[in-house]
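Me: I would like a close look at one part of this model, taken slowly and set in the context of the whole chain. Please explain each step as you would to someone in the first year of study.

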Amino acid sequence: PDRPVVAIHTGDVRRQAKLEVNQPFEIPHPGTGEEPSIQFSLLSQLSSQTLPKDNSKGKGTECSILVKLPDGRSTEVKLRV
C-alpha cells in the first residue's frame with residue numbers, strides 16, 4: 001500500500017511506525033507469558049492531520065479530517081478533542 005504503516009503488538013507493548021524500505025524494524029520482546037505471541041498488522045494510511053491544542057475550556061474542539069477513498073471519492077471524519 002501507499003505510505004504503509006506497521007503495527008506490532010507483543011505482550012503488553014503496542015508499537016506503530018512508518019515502514020521504510022530496506023530499513024530494519026526492531027520487534028519488541030514478547031515478554032515471559034505462557035504463550036508469548038506477536039501480532040503483526042500492515043496498515044495503509046488514509047489521512048493525517050495535526051490536531052489543534054484544546055483552548056475550549058472543557059467543551060472540546062471539533063476537528064474535520066478529509067479522507068480520500070481508494071475509488072477517488074472523499075469523505076470527512078469529525079473528531080471532538
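**The hairpin of E4 and E5**

Reply: Strand E4, which covers residues 62-68, has two unlike faces: Cys 63, Ile 65 and Val 67 make up the covered face, while Glu 62, Ser 64, Leu 66 and Lys 68 make up the uncovered one. This fits a general pattern, since in a regular strand the side chains alternate between the two faces of the sheet. Before going further, please keep in mind that the model is predicted.

The partner of E4 is E5, and the two strands run antiparallel, joined by seven bridges. One of the positions in this pairing is Ile 65, from the covered face of E4, whose bridge partner in E5 is Val 77. Another link between the two strands can be followed through Cys 63 and Leu 79, which are 16 residues apart in sequence but have their C-alpha atoms 5.2 Å apart in space. Together E4 and E5 form a hairpin with five residues between them, and in this turn Gly 72 has a positive phi of about 100°.

Beside that glycine in the sequence there are two charged residues to look at, Asp 71 and Arg 73, which form a salt bridge whose closest N and O atoms are 2.7 Å apart. The count of salt bridges comes to one. Arg 73 has a relative accessible area of 53%, and because the cut-off for exposed is over 50%, Arg 73 counts as exposed.

Moving on along E5, we come to Leu 79, which lies in this strand and is partly exposed, with a relative accessible area of 33%. Val 81 lies in the segment after strand E5, which spans residues 74-80, and at 34% relative accessibility Val 81 also counts as partly exposed. Both of these residues belong to a nonpolar patch on the surface, which is formed by Leu 51, Val 77, Leu 79 and Val 81 and has about 270 Å² of accessible area together. Val 77 therefore appears twice in this account, as a member of the patch and as the bridge partner of Ile 65, where two strands pair if at least two bridges are found between them.

How does this hairpin sit within the whole chain? The protein chain has zero helices and five strands, so that, read along the sequence, its pattern is β-β-β-β-β, a helix or strand being counted as a run assigned by DSSP. Of its 81 residues, 19% count as buried.

The other three strands form an open sheet in the order E2-E1-E3, with antiparallel pairing. Strand E2 (13-18) and strand E3 (38-44) stand at its edges, each with a single partner strand, so one side of each is left without a neighbour in the sheet. Neighbouring strands of this sheet are turned by 15° against each other on average, when direction is ignored. E1, made of residues 4-10, pairs with E2 over six bridges, and within that pairing Val 5 stands opposite Lys 18. On the E3 side, Leu 42 and Val 6 are 36 residues apart along the chain, yet their C-alpha atoms are separated by 4.8 Å.

Finally, a word on confidence: the chain averages a pLDDT of 77, and 81% of the residues score at least 70. Confidence is highest in E5, at a mean of 88, and lowest in E2, at 71. Where pLDDT is low, the predicted coordinates should not be read in detail.

Methods:
Residues numbered from 1 in each chain as written. Predicted model: local features only at pLDDT ≥ 70, side-chain atom pairs only at ≥ 80, totals over all residues. Heavy atoms only, no water. Patch = residues over 30% accessible without salt bridge, like charges linked within 9 Å, V, L, I, M, F, W, Y side chains within 5 Å. Areas by Shrake-Rupley, 256 points an atom, 1.4 Å probe, with all protein chains shown as cover. Salt bridge = Lys/Arg side-chain N within 4 Å of Asp/Glu carboxyl O. Helix = DSSP H or I, 4+ residues; strand = E, 2+ residues; numbered from the N terminus. Buried < 20%, exposed > 50% of the residue type's maximum accessible area, 1.4 Å probe, protein only. Axes fitted to C-alpha atoms, helices over the stretch in contact; angles between N-to-C directions. pLDDT = per-residue confidence, 0-100.
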